[in-house]
Amino acid sequence: MRASQRTRKLEASEVDGGTNVDVVVDVVLVVVVEAFPEIADVSDVDVEEQDNEKASNTMVKSFSEHVCIFFFLVFDVNTFDVQETLRVPRDKQKLFSSDASFLKMVHDKSMAALEIFDNGVSIEQIIPALERDGAVIIRDLLSTEATNQIIEDLSETLETSTPGSKSGIESWEDFHGDKTVRFCGLAAKSRAFVDHALLNEYLIKVSDHYLLKGCADYWLNTGQVMAVGSSEPAQYLHRDEDNWPEAMSEDHEITFSCMYALSDFTKENGGTVVIPGSQNLPTGVIRGLEVPPEEIAYAVMPAGSGMIYSGKVVHGAGANITEQMRYGMHVSFVAGWLRPEEASPLVIDKETAATLPPRARQLLGWGSYHSVGGGRTWLVDFDDAEHLFD
Ligand SMILES: O=C(O)CCC(=O)C(=O)O
Ligand SMILES: [Fe+2]
C-alpha cells in the first residue's frame with residue numbers, strides 16, 4: 001500500500017460511547033490494608049501483649065470492616081463513579097498504596113490536559129511542563145514527508161501483521177490487546193525511522209536531560225508500532241519503568257519515551273491516556289489504577305506529533321471506539337546499564353548497522369557502555385563494539 005492510500009485510510013471518525021468499571025469490595029479491602037498497614041501492626045502488638053489472638057483478630061476484622069465501609073462510600077462517590085473510564089482487569093488492580101494523593105494530581109485545572117508545543121520550541125521551554133505533567137505533546141515532531149516515508153516503509157508489515165500479542169503469556173496478551181497490532185525491528189525496516197524518529201532532536205535532548213542523571217549513556221529500549229484496533233478496550237494504566245522494578249529509583253529516570261502519532265490521535269480512537277503529575281507518585285509498580293475523570297488527559301494530537309513522556313508517568317492506550325485503527329509508533333530509551341525490551345543488535349544486522357550514523361548504531365546496541373566509574377560492558381573481546389566498523 002502506498003503512503004498516500006494509507007494516510008487516507010487513517011482518517012479518524014467521531015463515535016460516541018464509553019465503558020464502565022464496576023466497583024468491587026475486594027479492591028477497597030486492598031486499599032484499606034495497603035493504606036493503613038499500621039492497623040495490622042498495632043493489632044499484632046496487642047496480640048503479643050495480651051496473648052489473646054482471638055480477641056485481637058475480631059477487633060481487627062471489625063475495625064477493617066468499618067474502615068472498608070467508610071472507604072467504599074467515599075471512593076464510590078469520588079473515585080469510582082467514572083462513566084468514561086478505563087478497563088482494569090480485576091487481577092491487575094493495584095491501587096496506589098501509600099496514600100490517596102493521586103486524587104489530587106490536577107493542580108490548578110478543572111480538567112487534566114497536556115501542554116502542546118510546536119516544533120521549534122526550546123528544550124528549556126518544555127522541561128517545566130515535563131516536570132509538572134510528566135508528558136508533553138510536540139506538534140510536527142515529524143515532518144509530513146518523514147511521517148509518510150515511515151508509513152510507506154512500514155506499510156507492508158502493517159498490512160501483513162495480525163492483531164494480538166505474540167508473547168504467548170496471558171498477562172502480556174492482556175497488556176498488548178487482542179485487537180492491537182504491534183511489531184518491532186523498525187530500524188531494519190525504515191531508514192526514515194532511524195533518521196527522524198530514533199535520532200529525533202527533541203527526544204534525544206530530553207533523554208539526555210533526564211536519563212544521563214542515572215547513567216553514562218542510554219540505548220534503544222524499543223521502537224514499536226502500536227496500532228490500536230477498532231473496539232479495543234483501554235489498556236490498563238501503568239508506568240513504563242515497571243519493566244525494570246529492581247532498577248527503579250526516586251532520584252532519576254531509567255527510561256524515557258516518545259509516542260509518535262502516525263495517524264491523528266483522538267479521545268475516541270485510543271489516543272494515549274495520561275495522568276499528569278503521576279510521575280511524582282512514590283516509586284512503585286502500578287498496574288491498573290482507577291482515576292477520576294478530571295485527572296485524565298488524552299494525547300489528542302494530529303499525525304506527525306509526538307508525546308514525549310517520563311517512564312514514571314502513569315498512562316496507557318485509550319479505548320478505540322471508532323471503526324478505524326489508531327496508528328502510533330513508540331520509541332523509548334533505557335539506561336545503558338539495563339537490558340532493553342527489544343534485542344536490537346540481534347535484529348539489525350551488521351551490514352545494515354554499517355550504513356547508519358554512528359550515534360544510531362550505538363543506540364541500536366552496536367556500541368559498548370562506559371560507566372561513569374570506568375566500568376565497561378557490552379564489549380567485543382575487550383574492545384568497544386563501535387570499532388567493528390572502523
Ligand atoms: O498505545 C498507547 O497509546 C500506549 C501503549 C503503552 O503505553 C504501552 O504499551 O506501554
Ligand atoms: Fe506504556
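A residue is classed as buried if 20 or more other C-beta atoms lie within 10 Å of its own, as exposed if 12 or fewer do, and as partly exposed in between, with C-beta atoms placed from the backbone. Ser155, a residue of helix α6, counts as partly exposed because it has 17 C-beta neighbours inside 10 Å. The C-alpha atom of Ser155 is separated by 10.0 Å from that of Lys189, 34 residues apart along the chain.

The structure is a predicted model, in which local features need pLDDT of at least 70, side-chain atom pairs count only at pLDDT 80 or more, and totals for chains, interfaces and linings use all residues. Residues are numbered from 1 along each chain as its sequence is written, while chains are lettered from A and ligands numbered from 1 in the order in which they are written.

The protein chain contains twelve helices and 14 strands; these elements are DSSP runs numbered from the N terminus, helices being H or I of at least four residues and strands E of at least two. Of its 390 residues, 42% count as buried. Contacts were assigned to two residues whose C-beta atoms, placed from the backbone, lie within 7 Å. Among contacts in the protein chain with a separation of 6 or more, 82% are accounted for by residues 24 or more positions apart.

Helix α9 (residues 191–198) is largely enclosed by the rest of the structure, because six of its eight residues are buried. The buried residues are Ala192, Phe193, Val194, His196, Ala197 and Leu198. Their cover includes α6, α8 (186–189) and α12 (358–363), together with the strands β4, β5 (255–261) and β10 (326–335).

Two packed helices are described by the angle between their axes and the distance between the axes. Here, axes are lines fitted to C-alpha atoms, for helices over the stretch in contact, and angles run from 0 to 180 degrees between N-to-C directions. The axes of α6 and α9 come within 8 Å and cross at roughly 140°. This angle makes α6 oblique to α9; angles under 35 degrees count as roughly parallel, over 145 as roughly antiparallel, 65 to 115 as roughly perpendicular and the rest as oblique. The crossing of α6 with α9 is left-handed, a term that applies if the near helix is turned anticlockwise from the far one by less than a right angle, whereas a clockwise turn is right-handed. From α6, the contact draws on Ala146, Gln149, Ile150 and Asp153, and from α9 on Ala192, Phe193, His196 and Ala197. By class, five of these residues are nonpolar, two polar and one charged, where Ala, Val, Leu, Ile, Met, Phe, Trp, Tyr, Cys and Pro count as nonpolar, Asp, Glu, Lys and Arg as charged, and the others, Gly among them, as polar.

A second helix pair is formed by α5 (residues 123–133) and α10 (residues 201–211), whose axes come within 11 Å and cross at roughly 55°. α5 is thereby oblique to α10, and the crossing is right-handed. Ile123, Ile127 and Leu130 of α5 meet Lys205, Val206 and His209 of α10. The residues of this contact comprise four nonpolar, one polar and one charged.

Gly134 is located in the loop between α5 and β2 and counts as buried, with 27 C-beta neighbours inside 10 Å. When residues up to four places away in sequence are not counted, Gly134 touches Pro276, Gly277, Ser278, Gln279, Tyr309, Ser310, Lys312 and Val313. Its C-alpha atom and that of Val274, 140 residues apart along the chain, are separated by 8.7 Å.

Most residues other than glycine have a negative phi. Asp140, in contrast, has a positive phi near 55°. Asp140 occupies the loop between β2 (135–139) and α6 (144–160) and is partly exposed, with 17 C-beta neighbours inside 10 Å. Asp381 also has a positive phi, of about 50°. Asp381 lies in the loop between β13 (379–380) and β14 (383–384), and is exposed, with 6 other C-beta atoms within 10 Å.

The residues around ligand 1 are Met226, Val228, Gln235, Asp240, Met259, Thr272, His315, Gly316, Ala317 and Gly328. At least two residues of this shell are supplied by each of β4 (218–228) and β9 (315–316). The shell divides into four nonpolar, five polar and one charged residues.

Methods. Near = placed C-beta within 6 Å.
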